[in-house]
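Hi there,

Here is the structure I promised to pass on to you. Have a look at it first, and then read on for what turned up.

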Amino acid sequence: MDAATDRMEEKSHNELLAIRRQKLEALRAAGIDPFGSGFETTGAPGEIRAAFAEGQKVRTAGRITAHRNMGKSHFIDLSDHSGRIQVYLNAKELAPEAMVAFDLLDIGDFLGVEGETFVTKTGEPSIKAASIRVLSKSLRPLPDKWHGVQDTEIKYRQRYLDLVSNRESLEVFQKRIAIVREIRRFLEDRGFIEVETPMMQSIPGGAAAQPFETHHNALGMDLYLRIAPELYLKRLLVGGFTKIFELNRNFRNEGISRRHNPEFTMLETYWAYADFEKMADLVEEMVCHLAEKICGGLRIEHKNAEGNVTRTINLSRPWRRTRYEDLLRGVEPKWYDFSPEERRAWCQEHGIEVTHCQADFEVTQHVFEKLIEEKTMDPLFVTHCPKELVPLAKQNAADPRLVDVYELVINGQEISPGYSELNDPDIQRERLEHQSGGETQKLDDDFLAALEYGMPPAGGIGIGIDRLVMMLTGVESIRDVILFPHMRPRH
RNA sequence: GGGUUGGUAGCUCAAUGGUAGAGCAGCGCCCUUUUAAGGCGUUGGUUGUGGGUUCGAGUCCCACCCAACCCA
């Protein structure tokens with residue numbers, strides 16, 4: 001069934017839509033444009049309510065989200081992202097034509113109002129309408145005024161309905177917007193500058209992930225959507241920038257889950273002459289700044305649907321910093337005395353599934369993820385990880401098996417890695433060749449050439465913004481912090 | 001990819017294998033300070049799709065689609 005047939009069917013079967021279209025035509029017949037144009041306001045509904053003063057002449061506009069009909073007088077709510085304001089309409093105060101138009105309106109329509117502010121006898125800040133203007137007729141009914149949208153499919157596929165009818169959803173996205181804005185401000189205040197590097201790359205590098213492929217017709221070449229901006233940001237360090245960041249989308253052609261969306265937002269920051277510990281300080285300061293500015297403090301409460309607190313994250317400084325190996329010894333004191341076979345046996349004993357194709361360091365990493373990462377709610381910097389896990393970081397001077405990195409874990413998830421970046425071009429080449437292995441992954445020779453020209457020692461961090469927002473807002477699914485998460489087509 | 005749960009009116013939800021229902025929204029009437037307004041009345045259904053079992057299927061069986069959760 002194609003979309004046109006679909007529409008026809010729906011129309012012929014649904015009297016609700018037919019009635020709204022009749023009202024649309026009735027408005028036109030009365031000489032009123034149902035899809036009006038510009039309307040100057042003195043403030044948004046929520047702004048007028050927040051800065052309410054009686055006896056002011058105001059103009060505002062919004063969507064009608066409630067209608068309480070008292071016969072010759074009406075109360076409606078006008079709403080938008082800023083909030084809501086009540087409007088009082090009375091046949092005595094309004095022109096007869098206006099009341100005719102008003103009778104043809106529905107919940108969902110956009111309306112402009114001019115009038116004087118007053119407080120009703122129940123204490124509700126309101127506007128007494130002196131004139132109204134129809135701004136847009138809504139041809140479909142909105143979701144339930146009380147329950148809002150409950151169906152997750154509608155929430156995600158038709159986010160506009162979720163935003164209009166579920167206040168909690170809107171608030172999460174407003175917090176996300178504030179977090180992103182505040183990150184930019186925080187970094188700029190400290191002398192970092194925002195740069196833009198290619199999202200379409202001929203060699204996708206900077207991470208180990210499956211890229212999306214595309215094709216450039218004029219150049220006759222395949223391109224890939226970036227999986228990370230890292231290798232370009234490092235080229236900028238070679239070029240003389242010392243404090244830079246990029247806050248934008250990455251794309252990975254992998255599974256979709258509660259914690260994964262194929263496109264996700266990443267902050268990467270590089271700071272010449274800094275090391276991973278200085279970067280850890282920066283992240284710690286930044287996340288605390290965000291929590292205090294946007295979440296009202298360093299204790300973040302996660303609540304369930306009933307409003308009960310299910311988890312409290314304490315962001316108080318200083319954050320714990322522990323070496324990777326010490327954490328594993330905390331789980332099993334003899335872990336590093338075991339042979340690889342004994343480690344596998346230990347996993348079996350403790351109900352941790354490992355496959356035969358996993359290398360020894362992957363077995364250890366799996367134990368780390370299951371028994372440490374997933375159980376760690378308060379911030380923990382995991383430092384000095386094994387170098388196999390991190391091919392782009394600097395080797396530790398005292399122990400060549402390790403790299404100078406941190407992995408920040410909060411809320412049971414990896415929120416941010418930070419490195420002392422590898423700037424030795426020969427070691428970098430060796431690591432990348434080792435990483436490519438037998439796979440088809442190409443070596444980025446230009447990036448290696450850039451390193452050979454000389455890259456200053458630098459600290460670098462990445463922060464998954466979606467997961468950071470999940471942690472700070474207490475939602476359980478990445479789909480609840482991405483406005484338009486990817487879904488299969490409905491049919 | 002595997003498992004579990006779900007998909008019923010515009011929305012939120014009911015319905016032992018036996019007449020598909022409620023609240024809200026809508027429509028009609030009453031009501032000039034209500035706020036989930038209220039009162040009286042009333043319309044609205046291809047029960048996700050396609051098969052099957054049965055005298056009879058929203059309900060049982062099979063396949064498929066979509067979603068949520070868990071696992072890999």
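**Helices across the open sheet**

Helix α7 (residues 167–189) lies across β6, β10 (243–251) and β11 (263–272), and runs at about 155° to β10. Please keep in mind that this is a predicted model.

A second helix, α9 (residues 276–294), also has a place on these strands: α9 lies across β11, β14, β15, β16, β17 (413–420) and β18 (458–464), at about 35° to β18.

**The sheet itself**

In what order do the eight strands of the open sheet come? The order is β6-β10-β11-β18-β17-β16-β15-β14, with mixed pairing. At the edges are β6 (193–194) and β14 (320–323), each of which pairs on one side only. As a reminder, strands of a sheet pair through backbone hydrogen bonds, in either the parallel or the antiparallel sense.

Strand β11 is a good one to click on. Nine of its ten residues are buried, so the strand is mostly covered, where buried stands for under 20% relative accessible area. Its partner β10 pairs with β11 in the antiparallel sense over nine bridges, and within that pairing E246 has E268 in β11 as its bridge partner. With β18, strand β11 also pairs in the antiparallel sense, over seven bridges; here M266 has G464 in β18 as its bridge partner.

Further along the order, strand β15 (residues 380–383) and strand β16 (residues 405–410) are antiparallel too, and four bridges link them. L380 is matched there with V409 in β16 as its bridge partner.

**Strands β1, β4 and β5**

Now to another set of strands, earlier in the sequence. Strand β1 (residues 57–69) pairs with strand β4 (residues 110–119) in the antiparallel sense over seven bridges, and R63 stands opposite F110 in β4. On to the next pair: β4 and strand β5 (residues 125–136) are antiparallel over ten bridges, with F118 opposite S126 in β5.

What do β4 and β5 form, and how many residues lie between them? They form a hairpin with five residues in between. In the turn, G123 has a positive phi of about 90°, in case you want to check the backbone there.

**A look at L27**

L27 is found in helix α2 (residues 15–29). Is L27 buried or exposed? Its relative accessibility is 0%, and therefore L27 counts as buried. Leaving out residues up to four places away in sequence, L27 touches I32, P34, A101, L104, V134 and K137. Take K137 from that list: L27 and K137 are 110 residues apart in sequence, yet their C-alpha atoms are 9.4 Å apart in space.

**Chain A as a whole**

Some overall values for your notes:

- Chain A has 15 helices and 18 strands.
- The C-alpha trace of chain A spans about 85 × 55 × 50 Å along its principal axes.
- Of the 491 residues in chain A, 47% are buried.
- Among contacts in chain A between residues at least 6 apart in sequence, 64% join residues at least 24 apart.
- The accessible surface of chain A is about 25,400 Å², and carbon and sulfur atoms account for 50% of it.
- Chain A has 63 positive and 78 negative charges, and the mean positions of the two sets are 7 Å apart.

Enjoy exploring it, and write back any time.

Best wishes

Notes
Residues are numbered from 1 along each chain as its sequence is written. Chains are lettered from A and ligands numbered from 1 in the order in which they are written. This is a predicted model: local features need pLDDT of at least 70, side-chain atom pairs count only at pLDDT 80 or more; totals for chains, interfaces and linings use all residues. Side-chain values use heavy atoms; hydrogens and water are left out. Two strands pair if DSSP finds at least two bridges between them. Helices (H or I, at least four residues) and strands (E, at least two) are DSSP runs, numbered from the N terminus. Buried means under 20% relative accessible area, exposed over 50%, partly exposed in between (1.4 Å probe, protein chains only). Contact means heavy atoms within 4.5 Å. Accessible areas come from the Shrake-Rupley method with a 1.4 Å probe; for residues, only the protein chains shown count as cover. Lys and Arg count as positive and Asp and Glu as negative; His and the chain ends are not counted. The place of a charge is taken as NZ of Lys, CZ of Arg, CG of Asp or CD of Glu. Axes are lines fitted to C-alpha atoms, for helices over the stretch in contact, and angles run from 0 to 180 degrees between N-to-C directions.
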